[in-house]
Amino acid sequence: MQLYNSATRKKEEFQTHTPGHVEMYTCGPTVYHFAHIGNLRSYIMEDVLEKYLRYAGYDVNRVMNITDVGHLTSDADEGEDKMLKGAKRENKTVMDIARFYTDAFFDDCRKLNIKTPDVVQPATGLIDDYIHIVSTLMEKEYAYFSGGNVYFDTSKLDRYYVFNDHNEEDLAVGVREGVEEDTNKRNKNDFVLWFTKSKFEDQALKWDSPWGEGYPGWHIECSGISMKFNGEYLDLHCGGIDNAFPHHTNEIAQSESYLGHTWCPHWFHVHHLNTNDGKMSKSKGEFLTVSLLEEKGYDPLVYRMFCLQSHYRKGLVFSWDNLDNAVGTFNKLIGRIANLKPGGEVDEAAAQELKDKFKAALDNDLNTALAMTAVYDVLKAKTTDATKLAVLDDFDQVLSLDLLAKAEVKRKEAEKAAAAKSAGGYTILGEGDPAVDTLVMQRYEAKKAKNFAEADRIRDELKAQGIEITDVPGGAKWSRI
Ligand code: AMP
Ligand code: ZN
């Protein structure tokens, strides 16, 4: 598989330390609030990547942390602990907040058909491991104690790794807007491994350590959790693009200094979901959640498809209009699948040809937009319905859009509606869309009552929706123009 690697800044053949096996790590959510649909874009695309690797025959061990301590409001080491901020906002304890929003996160994931990683580890559960890593870094003189905190000394590195999309300016933490320089640091890029002194004396969670009572920095949790559950050689590290710097840069610095060898060769970053007025962010107050989509009547899987329609390395603009378009596309797609007749012979050769197209799309830097095109190629293919259904079922192992299950529901509804209507002597033929069927029936009732004006009005209303009705013996047939 060709996959873009932010560490080398090019598309390259994805390789693993152990052939056929992938050790994969994902930066998990900071559980001080609900996840917004931007965060979930990252998790959807990482889910597709994991499922595609499995589909392609790899055995995958996927690990994810839950950030329940140490992530300050700036991604560098300044500001307030995000968890504490959440606890204050809701007048609850930090652990209550963590539990509540962790559950909420996995509820959202379930609704979006995002698989739970093989290992999920809250950061607070592995403090001894971080202390061990920090102690080793102190022994190896990669870390120093200053002003009550332990810092990583970036001047000890041959190279402080910088991902793409960042320039020298971004690295100068002291000059970033709203971020004050920490005078305890020897070098501007140094970062905290262990805090005992933060500006906020009421830090809720503290643990004993050789450097005094305190808590870990944000970056060390991901190195510690990954090394514990993925081992010393990680194959693939994922996160949103904002994690690239400073978080991932610092993970590399501390992990490789601790291990004494290369840690993770391949880095996968998902670009942001934006609104027309900029990046989506939890700290901005009002934000878009899966629950909000549901309240407004959207199926969360429509949002999943919306994400799949574009490439993970491009920014994606969210608007309600864009989502409405996705609803139309999704309904039509399910309608077309519902029209396929189950049962009969599967043509294995034809199926293989269609699967090859799907694989080629995803082998090309996880091009999910082309993989969606491969779905339409199946519908258009000159082969049996049984073959099409079998192939779509196969693709859905990766896409996870519940294509066949939703089509089955639609088919059953249509059959029920048709049976009910034919019992009344009037049959409606069409894609089986209950809203359209109802209008067609109302037109029939109006005609029966000789209310031709109303019957014409309904015909026009359907036409405005792009639907044409043709009267057939014993009923009517409708189709999209
Ligand atoms: P957080 O809960 O803030 O730690 O973020 C969880 C994940 O969402 C991280 O991998 C972030 O990089 C990612 N992320 C944050 N904002 C966005 C966004 N607007 N679009 C896509 N991913 C995002
Ligand atoms: Zn991380």
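I looked up Trp 267 and noted a relative accessible area of 0%, so I entered this residue as buried. The model is a predicted one.

I then turned to Trp 263. Its relative accessibility is 1%, and I therefore recorded Trp 263 as buried too.

Next I searched the whole structure for aromatic pairs and obtained 21 of them. I took Phe 105 and Phe 106 as one case: the ring centres are 5.1 Å apart and the planes stand at 70°, so I classed the pair as edge-to-face. The cut-off behind this step is that planes over 60 degrees apart count as edge-to-face.

I checked how accessible these two phenylalanines are. Phe 105 has 3% relative accessibility and is therefore buried. Phe 106 has a relative accessible area of 15%, and this residue is buried because the limit is under 20%.

I returned to the two tryptophans as a pair. Trp 263 and Trp 267 are arranged edge-to-face, with 6.0 Å from centre to centre and 65° between the planes.

I looked for aromatic residues grouped beyond pairs. Tyr 298, Tyr 303, Phe 306, Phe 318 and Trp 320 belong to one aromatic cluster.

Which residue lies over the face of Trp 320? I found Lys 296 there, at 4.9 Å from the ring centre. Trp 320 thus appears twice in my notes, as a member of the cluster and as the ring beneath Lys 296.

I made one further entry on charges over rings. Arg 313 is placed over the face of Tyr 4, and the distance to the ring centre is 3.8 Å.

Definitions and conventions. Residues are numbered from 1 along each chain as its sequence is written. Chains are lettered from A and ligands numbered from 1 in the order in which they are written. This is a predicted model: local features need pLDDT of at least 70, side-chain atom pairs count only at pLDDT 80 or more; totals for chains, interfaces and linings use all residues. Side-chain values use heavy atoms; hydrogens and water are left out. Rings of Phe, Tyr and Trp (its six-membered ring) pair if their centres lie within 6.5 Å; planes under 30 degrees apart count as stacked, over 60 as edge-to-face and the rest as tilted. Buried means under 20% relative accessible area, exposed over 50%, partly exposed in between (1.4 Å probe, protein chains only). A charge sits over a ring if NZ of Lys or CZ of Arg is within 6 Å of the ring centre and within 35 degrees of the ring normal.
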